[in-house]
Structure formats: C-alpha cells, structure tokens
Amino acid sequence: MYVFLDTEFTHEDAPQLISFGLVAGCEPVDTLYVELTDTYARADCSSYVRKVVLPALMGGSYAMASVDARSRVQAWFQTLTGAHRIVTDYPEHDMALFAQWLGSEHWPTNLARRALRLDTAGLPVGLTRDTARAVMERHDEQWGAHNALSDADRLRAVYAAVTATGCDPFDRDAGDGC
C-alpha cells in the first residue's frame with residue numbers, strides 16, 4: 001500500500017522539519033499529522049514559511065516533541081497491514097527530512113526506505129496530466145495548501161484520479177492511459 005507523505009520545513013537552503021502528514025489508503029483513508037515542537041525555531045524559517053506555512057499549523061494535540069512523535073509514527077504504522085511505500089512529490093526534501101528525523105532505530109519494519117515521486121510534471125501530457133492538475137486545484141480550493149496533512153491528502157487524491165484514467169504512474173507498462 002502507498003502512504004502519501006508531505007512535509008513542511010523551515011527553509012530550502014537549510015531545511016529543518018516543522019510538520020508532516022501521512023495518508024494511507026484510498027478510501028477509507030487513515031491519517032497521521034504531526035507538528036514538531038523541538039526541531040526548529042521561528043527565526044530559522046524563511047519569510048515565506050513564516051507568512052504562509054506557520055499560520056496553517058493546527059497546534060493542539062498535533063503539536064508534540066520528537067520523542068512522542070516517533071512513538072506515534074511507529075504505533076500508526078503498526079496498525080497498517082502489509083508492506084508500505086512512501087509517495088511524495090518532493091522526495092529530495094520530504095523523504096530525506098522525514099527519514100533523517102525518524103532515524104533508522106525508529107524506522108517501521110513495514111515501510112520501505114525509498115520513496116516514489118508523484119508530480120504532474122512526470123505524468124503524460126493530455127488527459128492524465130490535466131486530470132491530476134484539476135484534482136490539485138479543487139483540493140487546494142477546498143482545503144488550502146501548505147499544511148502537510150492537506151498536501152499529503154492532495155497527493156492521495158491525485159493518485160486516485162490518475163489511476164482512474166487507466167494510468168499507473170509507478171508502472172507505466174500496466175496502464176493503458178500512460
């Protein structure tokens with residue numbers, strides 16, 4: 001099963017993890033959203049992150065220290081049956097930051113260590129790409145962007161819409177629409 005991941009981080013040049021969202025399954029979905037309280041300072045954030053990302057944080061029970069968040073990640077993955085693979089639109093940051101933060105000693109046994117990329121640029125031009133972009137626009141209009149959970153769910157919605165066109169973005173030989 002695919003687990004869709006998005007992260008929010010402080011700055012492109014010196015990224016520090018702020019939050020992450022994980023969405024498993026297609027329908028129904030299972031989600032995990034965490035805002036880290038001990039990995040960054042507001043001063044570490046770019047002006048864009050201070051203006052757009054930080055106001056989208058939800059706080060409350062989602063905000064926690066890394067030690068508690070790591071336990072929550074491990075417990076969440078234990079509830080998921082079978083083997084899982086992360087899907088993200090930006091593995092160079094999302095997966096790298098998540099893996100670095102989580103660490104090998106806390107890595108779930110049912111989670112592959114390499115992520116798959118899903119972005120509209122990698123999709124075939126035409127119906128498949130147009131469908132994906134339309135889903136992204138509708139999702140952003142409804143839920144907003146730059147919240148890690150919302151963005152992870154947007155990836156899930158894009159994947160579902162793309163596969164509904166007959167395209168499997170991870171196995172182009174299997175889908176007629178690719």
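Buried residues account for 46% of the 178 residues in this chain. I should say at once that the model before us is a predicted one.

Let us stay with the chain as a whole for a moment. Its accessible surface amounts to about 8900 Å², and carbon and sulfur atoms hold 50% of that area. Along the principal axes, the C-alpha atoms occupy a box of roughly 45 × 35 × 30 Å.

Next, the secondary structure. There are five helices and six strands. If you follow the sequence from its beginning, the elements appear in the order β-β-β-α-β-α-β-α-β-α-α. The radius of gyration is 16 Å, close to the 16 Å that the globule rule gives for 178 residues, so the chain is as compact as a globular protein of that length.

How much of the contact network links residues 24 or more positions apart? Among contacts with a separation of 6 or more, such pairs account for 64%.

I now turn to the pockets. Rolling a probe the size of a water molecule over the atoms shows where empty space is left. In this model, the largest pocket has a volume of about 310 Å³. Its lining consists of 18 residues, and those nearest the centre of the pocket are Thr7, Glu8, Phe9, Glu12 and His146.

Which elements each supply at least two residues of this lining? They are β1, covering residues 2-9, α1, covering 47-56, and α5, covering 148-164. The largest share comes from β1, which provides four residues. Sorted by class, the lining of the largest pocket contains seven charged, six nonpolar and five polar residues.

Finally, let us consider a single residue, Ala145. You will find Ala145 in the loop between α4, residues 127-143, and α5. Is Ala145 buried, partly exposed or exposed? Its relative accessibility is 33%, and Ala145 therefore counts as partly exposed, since that class lies between the 20% limit for buried residues and the 50% limit for exposed ones.

Leaving aside residues up to four places away in sequence, Ala145 touches Asp140, Asp151 and Arg154. Please also locate Ala56 on the structure. Ala145 and Ala56 are separated by 89 residues in sequence, while their C-alpha atoms are 8.3 Å apart in space.

To close, I would ask you to keep two points in view: the order of helices and strands along the chain, and the part that β1 takes in lining the largest pocket. Thank you.

Terms used
Residues numbered from 1 in each chain as written. Predicted model: local features only at pLDDT ≥ 70, side-chain atom pairs only at ≥ 80, totals over all residues. Heavy atoms only, no water. 1 Å grid on protein atoms, 1.4 Å probe; cavity = no way out; pocket = protein on both sides within 12 Å on 5 of 7 lines; lining within 4 Å. Points joined across faces, edges and corners; volume = space filled by probe spheres on them. Nonpolar A, V, L, I, M, F, W, Y, C, P; charged D, E, K, R; others polar. Rg over C-alpha atoms; globule rule 2.2 N^0.38 Å. Buried < 20%, exposed > 50% of the residue type's maximum accessible area, 1.4 Å probe, protein only. Contact = heavy atoms within 4.5 Å. Areas by Shrake-Rupley, 256 points an atom, 1.4 Å probe, with all protein chains shown as cover.
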